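Biologist: Please take a close look at one part of this model for me. Pick a helix pair, and put it in the context of the rest.

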2 protein chains.
Amino acid sequence: MPELRKDPITQEWVIIATERARRPSDFTHLTIAEPDKPEYSATCPFCPGKEGMTPSEVLAFRHGQDCNIADWWVRVVPNKFPALAIEGALNKRGNGMYDLMNGVGAHEVIIETPKHNLDPATFSLYQMSEVLWAYRERYLDLRKDSRFKYILIFRNHGKVAGASLEHPHSQLIATPMIPIDVVNELQGAERYFQYRDRCIWCDMIEQELEAQERIVKESEHFVAFEPFASKFPFETWLLPKTHQASFTDMTRERMMEFAGLMQDIFQRIAVCLNSPPYNFAIHTAPCGRENSDVFHWHMVVMPRLTIAAGFEMGTGIYINVTSPEAAAGYLRDASKSPDTESTDKVEVLA
Amino acid sequence: MPELRKDPITQEWVIIATERARRPSDFTHLTIAEPDKPEYSATCPFCPGKEGMTPSEVLAFRHGQDCNIADWWVRVVPNKFPALAIEGALNKRGNGMYDLMNGVGAHEVIIETPKHNLDPATFSLYQMSEVLWAYRERYLDLRKDSRFKYILIFRNHGKVAGASLEHPHSQLIATPMIPIDVVNELQGAERYFQYRDRCIWCDMIEQELEAQERIVKESEHFVAFEPFASKFPFETWLLPKTHQASFTDMTRERMMEFAGLMQDIFQRIAVCLNSPPYNFAIHTAPCGRENSDVFHWHMVVMPRLTIAAGFEMGTGIYINVTSPEAAAGYLRDASKSPDTESTDKVEVLA
């Protein structure tokens with residue numbers, strides 16, 4: 001019998017379709033094998049030495065003082081084809097019954113490493129934590145701009161997940177309003193807080209740690225689990241165990257610990273599902289609510305193993321063909337792949 | 001400068017990304033060419049003569065009296081791997097902070113024609129209207145079951161749009177609750193109705209017909225346009241011009257007219273975008289609200305030309321790279337393809 005489960009935050013129902021149950025091997029035909037990539041690609045605009053092919057950088061972690069040259073290990077540039085433009089006023093206006101405004105915002109690309117062929121499962125731990133630190137620096141800079149109400153950091157991995165360039169990169173988009181999905185999450189969390197005076201994610205973590213059914217892995221201060229109402233097979237959440245509204249409040253030390261958990265999870269996903277395409281997004285508190293008692297930041301990882309079709313697009317109800325309990329079991333059993341970058345960037349470049 | 005447009009019903013923002021503007025020819029590399037299909041496939045469980053390979057039919061339009069034999073022109077069967085099961089009680093229950101219930105509902109497949117190689121752009125007009133009539137009959141039968149609160153009829157066209165079998169078919173899923181997207185649409189329409197005492201879709205149709213910017217085609221009683229806040233390139237809505245809450249209230253005659261407009265639109269999409277994958281869904285009033293003054297039924301056609309990636313999945317804001325005004329222009333200019341089934345089923349089978 002299939003199960004209908006309700007997301008306790010957004011109150012969205014999902015269908016866990018046990019009749020169609022899928023194991024990891026049922027998905028591997030969907031993971032389009034990408035040929036082995038070289039460490040350097042002469043045609044890639046994000047590889048070192050091609051700094052002139054991108055807009056001028058807004059941040060770089062590098063050895064020297066000069067900008068836009070090839071001695072960086074993380075580099076952030078404005079998107080060459082931005083979805084939202086950094087200049088200009090919103091000019092909110094109507095058109096009959098319709099409402100619109102100028103598409104003002106920020107759209108940046110975080111180039112995660114000079115090496116064309118790595119990804120979060122294969123970075124050195126230090127490199128992963130530097131990428132997270134770059135997210136934090138760009139967030140803190142952009143949140144000073146009062147036009148921006150929300151800043152989303154996300155990653156598209158593989159063509160099927162929407163990546164148009166293969167060089168390892170993530171993206172950041174700052175929007176002039178709080179996006180609808182964040183509003184829904186906030187409203188759900190506020191409803192819960194009003195009644196119980198507790199953060200819904202804190203309660204969820206407590207219940208998950210006690211049940212252990214959907215936990216994939218935990219470290220001292222962080223935990224990764226498959227949510228009860230997972231929309232997608234192998235959807236995974238990573239969260240701090242104690243309340244924290246904004247990911248920018250992590251210290252360097254905590255960020256290193258989180259980087260370690262992230263890598264562990266991406267390695268398990270790569271081993272278990274044959275390096276599938278995926279998206280991840282960091283759900284953090286809206287700008288100005290970084291001290292919220294209600295919102296608890298979390299990273300949502302969404303492997304792209306199935307296709308949202310007419311039913312999902314017509315109802316908002318997702319059909320998930322792998323129960324989160326089964327997915328957690330498969331990911332717990334997946335052993336980590338050993339072939340990460342073996343040395344820390346500090347040593348390489350010393 | 002990109003534009004942020006607000007859906008007046010759901011209040012969702014979309015980004016019309018003019019910097020990334022795409023014309024129809026920019027998408028044709030995404031439409032995976034499927035080899036010419038035969039009129040009959042020996043391995044297809046939906047082709048005539050294979051009636052024993054499907055669950056027993058719940059409806060068929062056929063010449064004789066016997067069920068599950070090959071003299072049908074439209075046939076409806078339960079889905080062999082249903083997302084929701086027809087038998088059983090909901091058994092609503094809790095699990096700590098979580099809520100769940102049994103996945104009770106209906107999941108049926110409407111086999112649209114005996115011919116393996118046709119689709120809504122190439123059916124005869126009579127065949128198209130018979131498919132719509134089958135939708136109506138199944139809807140009216142299932143709505144008698146008080147466990148069902150909503151019935152969605154949808155179609156997945158092409159693998160990229162989630163179709164797992166290529167024989168022309170649509171699907172119907174009845175759910176034991178009103179889906180979140182329908183709730184949002186209803187609430188938005190009610191907000192508007194409370195203030196203006198008018199149906200929001202009726203007002204929208206009036207404004208669209210006056211502006212003519214986004215109209216693709218109209219017939220005497222129906223109109224097809226690209227919505228102001230289109231989430232997807234070439235998203236197209238088909239609606240009755242005067243208020244009607246449920247598509248089941250169409251008469252035979254009106255259904256024939258609607259079938260004609262549908263075919264015109266699918267032919268334009270096929271010509272303009274090289275037979276792209278698409279989904280469509282019929283948004284009709286929830287069960288029991290078929291006489292609503294607030295809800296206005298409409299068919300939403302969503303060509304699958306771009307990929308929803310980390311930004312869309314993290315925010316609910318869609319980036320649309322073709323403005324609805326441009327899309328409407330391209331579709332208006334696309335001439336209809338002449339190669340539909342030339343004779344009516346009535347004549348063929350007479």
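Modeller: This is a predicted model. Start with helix α4 of chain A, residues 200–211, which holds M204(A). M204(A) has 23 C-beta neighbours inside 10 Å; the cut-off for buried is 20 or more, so M204(A) counts as buried. M204(A) also sits 9.1 Å from P8(A), C-alpha to C-alpha. Along the chain, M204(A) and P8(A) are 196 residues apart.

Now the helix pair. Helix α2 of chain A spans residues 125–142, and helix α5 of chain A spans residues 252–273. Their axes come within 9 Å and cross at roughly 115°. Angles of 65 to 115 degrees count as roughly perpendicular, and α2(A) and α5(A) are therefore roughly perpendicular to each other. The crossing of α2(A) past α5(A) is right-handed. On the α2(A) side, the contact is made by L125(A), M128(A), S129(A), L132(A) and W133(A). On the α5(A) side, the residues are M255(A), M256(A), F258(A), A259(A), G260(A), M262(A) and Q263(A). Sorted by class, this contact of α2(A) with α5(A) has nine nonpolar residues, three polar ones and no charged ones.

Last, the two chains. Chain B superposes on chain A after a rotation of 180°, with 0.0 Å of shift along the axis and an RMSD of 0.0 Å. That is the relation of a two-fold axis. Of the interface residues of chain B, 100% are also interface residues in chain A, so the copies meet through the same surface.

Notes: Residues numbered from 1 in each chain as written. Chains lettered and ligands numbered in written order. Predicted model: local features only at pLDDT ≥ 70, side-chain atom pairs only at ≥ 80, totals over all residues. Axes fitted to C-alpha atoms, helices over the stretch in contact; angles between N-to-C directions. Helix = DSSP H or I, 4+ residues; strand = E, 2+ residues; numbered from the N terminus. Parallel < 35°, antiparallel > 145°, perpendicular 65-115°, else oblique. Left-handed = near helix turned anticlockwise from the far one by under 90°. Contact = placed C-beta atoms within 7 Å. Nonpolar A, V, L, I, M, F, W, Y, C, P; charged D, E, K, R; others polar. Least-squares fit on C-alpha atoms with pLDDT ≥ 70 in both. Buried ≥ 20, exposed ≤ 12 C-beta atoms within 10 Å, placed from the backbone.
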